[in-house]
Amino acid sequence: AGSFQEAAVIQHAYNLNFPLHAVPAGRAQCPAWSAFSVSSPAVVLETVKQAGAGQRAEDRAEAVVVRLYEAHGSTVTAWLHTSLPVKEAMLCDLLERPAAQGRLPLEPRGLRLSFTPFRVLSVLLLLSR
C-alpha cells in the first residue's frame, strides 16, 4: 500500500535477490554486530570493498571503499555510521581516486553525506591499524 518508498519495495527486492545465508559458527555465542548503518531509508549501501579483495582500494591495505546511492528520487542528508576504526574519510570517484576537496569530517554520529536524486557516492575510509 502507498508509494514504493512507503512500501519499502527496494528493501524487499534486496531481501529477495540477496538473501542472508546462515553459516554454522560452532557453539560459541557471538554478540550482534554490524559494520555499517545508514540513517535514511532512501539511501542504499550497495557495496563495501575491502582492499586486498581483488583490486586494491587506493593500493592501501587499510582502505575500505563504501558505495551508496539515493534510491527514492529525493534530496536527502544521511549519516553513515561504522563500527570500524576509521582515521580518515574522503569522497572518491568510481575509480577510487580521492576527490579534490573530498575530505569528510569524522563526527560522533558518523559521516554526513548529502544526496541529490539517484546520486551515487563512493567513500574511501582509511582505517587505523
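Hi everyone, let me start with one residue pair: in strand E6, the bridge partner of Cys92 is Pro98. Before I go on, please keep in mind that this is a predicted model.

So what else does Cys92 pair with? Over in E8, its bridge partner is Ser122. Cys92 therefore makes a handy starting point for a walk through the sheet, with Pro98 as its partner in E6 and Ser122 as its partner in E8.

Let's take the E6 side. E5 and E6 run antiparallel and are joined by three bridges. Together they make a hairpin, with five residues between the two strands. If you like backbone torsions, look at Glu96 in that turn, where phi is positive, about 70°.

Now the E8 side. Strand E5, residues 86-92, pairs with strand E8, residues 120-127, again in the antiparallel sense, and here there are six bridges.

Zooming out, how many strands form the open sheet, and in what order? There are five, running E2-E3-E8-E5-E6, with antiparallel pairing. The edges belong to E2, residues 43-50, and E6, residues 98-104; each has a single partner strand, so one side of each is left without a neighbour in the sheet. From one strand to the next, the twist averages 30°.

Next, a residue I'd like you to click on: Glu62. You'll find Glu62 in the loop between E2 and strand E3, which covers 63-70. Is Glu62 buried or exposed? Its relative accessible area is 19%, and because the cut-off for buried is under 20%, Glu62 counts as buried. And which residues does Glu62 touch, once we leave aside neighbours within four places in sequence? The contacts are Leu125, Leu126, Leu127 and Arg129.

Last stop, and maybe the one for the docking fans: the largest pocket. The volume comes out at about 780 Å³. Of the 20 residues lining this pocket, the closest to its centre are Gln11, Tyr14, Val44, Leu45 and Glu46. Where does the lining come from? Helix H1, residues 9-17, strand E1, residues 36-38, and E2 each supply at least two residues. E2 gives the most, with five residues, and this is the strand we met at an edge of the sheet. By class, the lining has 13 nonpolar residues, six polar ones and one charged residue.

That's my tour, and I'm happy to go back to any part of it. Thanks for listening!

Methods:
Residues numbered from 1 in each chain as written. Predicted model: local features only at pLDDT ≥ 70, side-chain atom pairs only at ≥ 80, totals over all residues. Heavy atoms only, no water. Pairing = 2+ DSSP bridges. Helix = DSSP H or I, 4+ residues; strand = E, 2+ residues; numbered from the N terminus. Axes fitted to C-alpha atoms, helices over the stretch in contact; angles between N-to-C directions. 1 Å grid on protein atoms, 1.4 Å probe; cavity = no way out; pocket = protein on both sides within 12 Å on 5 of 7 lines; lining within 4 Å. Points joined across faces, edges and corners; volume = space filled by probe spheres on them. Nonpolar A, V, L, I, M, F, W, Y, C, P; charged D, E, K, R; others polar. Buried < 20%, exposed > 50% of the residue type's maximum accessible area, 1.4 Å probe, protein only. Contact = heavy atoms within 4.5 Å.
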